[in-house]
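Please take a moment to look over the structure shown below. The paragraphs that follow lead from a few selected places to the chain as a whole.

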Amino acid sequence: MTLALQGGGSHGAFTWGVLDRLLEDERIDIEGISGASAGAMNAVTCAYGYTIGGRDGARQALQDFWGSVATKAPFNFAADEPAIPVDIGAQSELSPGFKAMISMARFFSPYQLNPFDINPLRDMLATQIDFERLRAECRIKLFIATTRVSTGRLKLFQTRQLTLDVLLASACLPAIHHAVEIDGEAYWDGGLTANPPLFPLLHKCTARDVMVVLLHPYPKPGVPMTADEIWRRLTEMGFSSTFFTELQGLAIAKREAERGWFSFGRLERRLKSLNMHLIDSQELMSQLATHSKMNTQPAFINALRDNGRMQADAWLEKNFAQLGVRSSFRFSTLLN
């Protein structure tokens, strides 16, 4: 199996829960992982933990990373929010600190607001991940998405190219952080151009099954009417449109490959045998406010993890028999 992990700030704790449950199941082997932003954090942390300690090492590494996010982050801009109650009706209000930050970000760049480029993730990742060992020993193929500032195009970094700066670049929100410079080139958040990238899992891996973990809700019924609803929907579209465009292209290519009687090319054979699967929590994510992606309160993080584990467990119970056989995700929904 290969994994494609979407970014979404602290909502990435949902993906932590999914990975934690998948890693428990010894029937599942992971060949490669692609990711952007929080998805990249989960991908690299999981792969490094697996490198040094197998399945249990990967689970522990993810727990250590998200535990640090929840307890060591110097700022938490979200107001007190319930730890995902059964009925997630009311969303929390913006805290005064977050409102102030949003207001200032509209008029000042991060180079003005944060001239020393303070990023708590830098020290956290440097402490928890030995990138030299990751590059030398990791057997999981990694594909980390970043965006070139100069061209607005996707730049993928693979396992042997990964550094601390690459991982920080993949999660570099332009309004909050300085662009990350790598070999003289400036980079921003990979979610802007691929969230997450699929094509490297098709071209660089051999596993038949691609599991996508989504954090952004789709589809979104109704037309947003208020300024906040419009801004929220535009944000969701901006960080997921590239993925669905790529997925739709993959669906069309797979359909055409399956129409042929014979498979002469490697890509055609690969497309025919490819199975797509998806784990998400549409009901949950559609009810969480956009600003909750910056909520790092332990109760919120742990509740997202628990929901991710629950969704993965339900998926395994229902769909495990389809692995290696057929897609559990219906491509036809993308071809209408």
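Helices, in the sense used here, are DSSP runs of at least four residues, numbered from the N terminus. The model is a predicted one, and in it Thr51 has its place in helix H2, which covers residues 38-72. Thr51 has a relative accessibility of 19%, and because buried means under 20%, Thr51 counts as buried. Within its surroundings, a polar atom of the Thr51 side chain lies 2.8 Å from the backbone oxygen of Ala47. Once the neighbours within four places in sequence are left aside, Thr51 is in contact with Glu137 and Cys138. Of these two, Glu137 is 86 residues away from Thr51 along the chain, yet the C-alpha atoms of Thr51 and Glu137 are separated by 6.7 Å.

A second place to visit is Glu31, which belongs to the loop between helix H1 (12-24) and strand E2 (32-36). Is Glu31 buried or exposed? With a relative accessibility of 18%, Glu31 counts as buried, because the limit for that term is under 20%. The side chain of Glu31 reaches the backbone nitrogen of Thr206 at a distance of 3.0 Å. Thr206 also appears among the residues that Glu31 touches when those up to four places away in sequence are not counted, and the others are Met1, Thr2, Arg139, Ile140, Lys141, Cys205 and Ala207.

The aromatic rings offer another way into the structure, and a search of the whole of it finds 3 aromatic pairs. One of them is formed by Phe157 and Tyr187, which are arranged edge-to-face, with 5.7 Å from centre to centre and 75° between the planes. This pair links distant parts of the chain, since Phe157 is in strand E4 (residues 154-158) and Tyr187 is in strand E6 (residues 185-189), 30 residues apart. Phe157 counts as buried at 6% relative accessibility, and Tyr187 counts as buried at 4%. Phe243 and Phe244 form a pair whose ring centres are 5.0 Å apart and whose planes stand at 70°, so this pair is edge-to-face. Phe243 is buried as well, with a relative accessible area of 1%.

Rings also take part in arrangements with charged side chains. Lys155 lies over the face of Phe157, at 5.2 Å from the ring centre. Elsewhere, the charged end of Arg27 sits over the ring of Phe320, at 3.5 Å from the centre of that ring.

With these places in mind, the reader can turn to the chain as a whole, which has 13 helices and 8 strands. Of its 336 residues, 50% count as buried, while the surface that the chain exposes comes to about 16100 Å², with carbon and sulfur atoms supplying 55% of it. Among the contacts between residues at least 6 apart in sequence, 78% join residues that are at least 24 apart.

Finally, how far the prediction can be read with confidence is a matter of pLDDT. The chain averages a pLDDT of 85, and 81% of the residues score at least 70. Over residues 86-94, by contrast, pLDDT stays under 50, and for this stretch the model has 17 contacts beyond four places in sequence.

Definitions and conventions. Residues numbered from 1 in each chain as written. Predicted model: local features only at pLDDT ≥ 70, side-chain atom pairs only at ≥ 80, totals over all residues. Heavy atoms only, no water. Helix = DSSP H or I, 4+ residues; strand = E, 2+ residues; numbered from the N terminus. Buried < 20%, exposed > 50% of the residue type's maximum accessible area, 1.4 Å probe, protein only. Polar contact = N/O pair within 3.5 Å; in protein donor to acceptor, adjacent residues only side chain to side chain. Contact = heavy atoms within 4.5 Å. pLDDT = per-residue confidence, 0-100. Phe/Tyr/Trp six-rings, centres within 6.5 Å; stacked < 30°, edge-to-face > 60°. Lys NZ or Arg CZ within 6 Å of the ring centre and 35° of its normal. Areas by Shrake-Rupley, 256 points an atom, 1.4 Å probe, with all protein chains shown as cover.
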